[in-house]
Amino acid sequence: VKKTNDFLITGKGSAGNWNNTQWLTITPRDKDIYQTKLKLLYSDSGIYCLFHCEDKRITATMNADDMNLWNEDVVEAFFWTDEKFPMYFEYELSPLNYELPIMVPNNSGYFLGWLPWHYDGSRRTKHATHIEKNGENVISWTAEFYIPYALLKPLTNVPPKKGTKWRANFYRIDYDNGAVEWSWQLTRTNFHDYERFGTLVFD
């Protein structure tokens, strides 16, 4: 994960900072219907994520934050900053730019997320989305978000520095014709199979 200065979130990934890193492919877990890819950057204050999702139909009706966003089109990022503790941060963002940020303690597969407390100021995420169309036809949607390290407290091994390693995984769910899933690293059972997360190395 390459380092950057902080920059403006637009939902389109239009900041020149993104040119300094490469796309990661998010692999279909079953049916290969659309391409999904991801970019990551980190700064002194937080971590940046950019998803690009090919699509033909946006399935999104939820109109508030902190809802069960995984039941409609969504992208998700999981950050497990320290393997000594089975607790990680999960972030979901819908095409309509509604978010679900939760801290997840996971006791050998028994888990439940907790919403952030005092979620304001420097602890607040920044996020935006963009739906690209050709006339009335959907082509893709983009999700761009920034997670401040202040929100990850009390997780340890934060903030990262050069050489720091975090475990992580990244997902997408699409509902054009039933649920279709993508993941950066393949898990065995569900998205919360943290033992199968990949490894991020901060540059």
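**Figure 1. The largest pocket of this predicted model has a volume of about 320 Å³.** It is lined by 21 residues, and the ones closest to the pocket centre are Trp 70, Glu 90, Glu 92, Phe 111 and His 192. If you like to sort linings by chemistry, this one splits into 10 nonpolar, 5 polar and 6 charged residues. As for the strands, E6 (74-80), E7 (87-93) and E8 (99-107) each bring at least two residues to the lining of the largest pocket. The top contributor is E8, which gives 3 residues.

**Figure 2. The second largest pocket comes in at a volume of about 160 Å³.** Its lining is made of 13 residues, with Pro 116, Trp 117, Arg 123, Leu 151 and Lys 153 closest to the centre. Strand E8 turns up here too, supplying 3 residues, the largest share of the lining of the second largest pocket. Sorted by class, the lining of the second largest pocket holds 10 nonpolar residues, 1 polar residue and 2 charged ones.

**Figure 3. Two cis peptide bonds, each leading into a proline: Lys 153 to Pro 154 and Val 158 to Pro 159.** Some background for the torsion-minded: most peptide bonds are trans. For the bond from Lys 153 to Pro 154, omega is near 10°. The bond from Val 158 to Pro 159 has omega near 0°. Where do you find Pro 154? Look in the loop between strand E11 (137-148) and strand E12 (165-174). Pro 159 also sits in the loop between E11 and E12. Lys 153, on the other side of the bond to Pro 154, is one of the residues closest to the centre of the second largest pocket.

**Figure 4. Asn 157 has a positive phi, near 65°, without being a glycine.** Most residues other than glycine have a negative phi. Asn 157 belongs to the loop between E11 and E12, the loop that also holds Pro 154 and Pro 159. Is Asn 157 buried, partly exposed or exposed? With a relative accessible area of 36%, Asn 157 is partly exposed.

**Figure 5. His 118 shows a positive phi of about 50°, although it is not a glycine.** This histidine is in the loop between strand E9 (110-111) and strand E10 (126-134). His 118 has a relative accessible area of 51%, and the cut-off for exposed is over 50%, so His 118 counts as exposed.

**Figure 6. Glu 83 and Arg 167 pair up in a salt bridge, with N to O at 3.0 Å.** Because Glu 83 is in the loop between E6 and E7 while Arg 167 is in strand E12, the pair ties together parts that are 84 residues apart in sequence. The two partners have contrasting surroundings: Glu 83 is exposed, at 54% relative accessible area, whereas Arg 167 is buried, at 12%. For the bigger picture, a search of the whole structure finds 11 salt bridges.

**Figure 7. Glu 99 and Arg 124 meet through their side chains in a salt bridge, 3.9 Å from N to O.** This pair links distant parts of the chain, 25 residues apart, with Glu 99 in strand E8 and Arg 124 in the loop between E9 and E10. How accessible is Glu 99? Its relative accessible area is 1%, which means Glu 99 is buried. Arg 124 has a relative accessible area of 35% and is partly exposed.

**Figure 8. Asp 174 and Arg 172 form a salt bridge whose closest N and O atoms are 3.4 Å apart.** Are these partners buried or exposed? Asp 174 is buried, with 1% relative accessibility, and Arg 172 is buried as well, with a relative accessible area of 0%. Elsewhere, salt bridges that share partners bring Lys 2, Lys 162 and Asp 203 together in one network.

Conventions. Residues are numbered from 1 along each chain as its sequence is written. This is a predicted model: local features need pLDDT of at least 70, side-chain atom pairs count only at pLDDT 80 or more; totals for chains, interfaces and linings use all residues. Side-chain values use heavy atoms; hydrogens and water are left out. On a 1 Å grid over the protein atoms alone, a cavity is a set of points where a 1.4 Å probe fits but cannot get out, and a pocket is an open set with protein on both sides within 12 Å along at least five of seven lines; lining residues have an atom within 4 Å of a point. Grid points are joined across faces, edges and corners, and a volume is the space filled by probe spheres set on the points. Helices (H or I, at least four residues) and strands (E, at least two) are DSSP runs, numbered from the N terminus. Ala, Val, Leu, Ile, Met, Phe, Trp, Tyr, Cys and Pro count as nonpolar, Asp, Glu, Lys and Arg as charged, and the others, Gly among them, as polar. Buried means under 20% relative accessible area, exposed over 50%, partly exposed in between (1.4 Å probe, protein chains only). A salt bridge is a side-chain nitrogen of Lys or Arg within 4 Å of a carboxyl oxygen of Asp or Glu.
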